[in-house]
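Trainee: Please give me a close look at one part of this model. How far can I trust what surrounds it?

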2 protein chains.
Amino acid sequence: MTEPYTAGSQCPFCHPDVRDYAFYENRGYLAIINIAPVLPGHSLVIPELHRASLTVLNTDEMCAFMETARKATIILMKAFDTDAFDWSVQEKAEAGQSIEHLHLHIVPRLKNDLDKPGDWYPLVHVNDEELIDGFNRRRLSLQEKEIIVGRLRKVADAMEF
Amino acid sequence: MTEPYTAGSQCPFCHPDVRDYAFYENRGYLAIINIAPVLPGHSLVIPELHRASLTVLNTDEMCAFMETARKATIILMKAFDTDAFDWSVQEKAEAGQSIEHLHLHIVPRLKNDLDKPGDWYPLVHVNDEELIDGFNRRRLSLQEKEIIVGRLRKVADAMEF
């Protein structure tokens, strides 16, 4: 187990480029695509400011975080034409956290997308050394990233939140 | 895959006995122990009223749900002397949901509690036919349930939320 990323230049979620992957933004929280998705649409919700743990958020911050997550989920459900999804948060290395900047995984699910419904989860942990979740997992190309982010932004813009 | 439980007498989370397993309560949401835990302290946060999906909650309900979850996590971290945990939500059978009443899993984690950090997750899906997550998994005895609920309630009562 390598050391988790910390705040500052080494934290991929503190990097300004992360906004290129954002498709929804709400009160200091961003919904971004995972550039090495375990399944199509795999996304993350993160605070813009570096926060290591959800336990340190105050009530208002927690509400903003989770309302962003709920709305990001609705956008993803619309975009992927499903009502099935998984959410997960890992905190600390013992729990499988690789990047020590609070992030919630959202994975849209489709019927028979994997042999067993739980098969996506170990993939998140295949490795924990690369930026934004993955090196062994295939990364999206620049073009793929632009297409998916553009599509999700369009769905988000059409939402009546 | 069997049909998920629906509201009413068949929904284990709508059963009044569920309150016996509650260690924290906040604005219509309960934190309860999982009676067939994948690891010690495995708990669930549920709405008292039957809700199938977090996407149908309004902003205020979502805040209450997640603030309850955040505080339940703090209670569990204190009780199990750790700062590591996993959260997960599954919605719909495609995602591994077995009981169709919104529930968020909280699993306190300790160093080397499992071979790999992600190993807890498949255990949640070992079977999906029994009440409150599990038949093949060992269920807590009545005495064990009383001990853990009592301990968590005591920690909760001492919190300055």
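Mentor: Residues 127–132 of chain A keep a pLDDT (the predictor's confidence in each residue, from 0 to 100) under 50. The model still gives this stretch 22 contacts (heavy atoms within 4.5 Å) beyond four places in sequence. Where pLDDT is low, predicted coordinates should not be read in detail. Chain A as a whole averages 87, and 87% of its residues score at least 70.

This is a predicted model: local features need pLDDT of at least 70, side-chain atom pairs need 80 or more, and totals for chains, interfaces and linings use all residues. Residues count from 1 along each chain as written, chains are lettered from A and ligands numbered from 1 in written order, and side-chain values use heavy atoms, without hydrogens or water.

Now the close look: helix H1 of chain B, residues 59–79 (helices are DSSP runs of H or I, at least four residues, numbered from the N terminus). Its 21 residues reach 30 Å from first C-alpha to last. That is close to the 30 Å expected (1.5 Å times one less than the number of residues). Of these residues, 16 are buried (under 20% relative accessible area, 1.4 Å probe, protein chains only), so H1(B) is largely enclosed by the rest of the structure.

Look at its ends. Asn58(B) caps the N-terminal end, with a side-chain oxygen 3.1 Å from the backbone nitrogen of Asp60(B). After the helix comes Asp81(B), whose phi is positive, near 50°.

H1(B) also meets H1(A): their axes (lines fitted to C-alpha atoms over the stretch in contact, angles from 0 to 180 degrees between N-to-C directions) come within 9 Å and cross at roughly 115°. Residues making the contact include Met62(A) and Arg70(A) of H1(A), and Met62(B) and Arg70(B) of H1(B).

Note on methods. Helices (H or I, at least four residues) and strands (E, at least two) are DSSP runs, numbered from the N terminus. Buried means under 20% relative accessible area, exposed over 50%, partly exposed in between (1.4 Å probe, protein chains only). A polar contact is a pair of N or O atoms within 3.5 Å; within protein, one must be able to donate a hydrogen and the other to accept it, and residues adjacent in sequence count only if both atoms are side-chain atoms.
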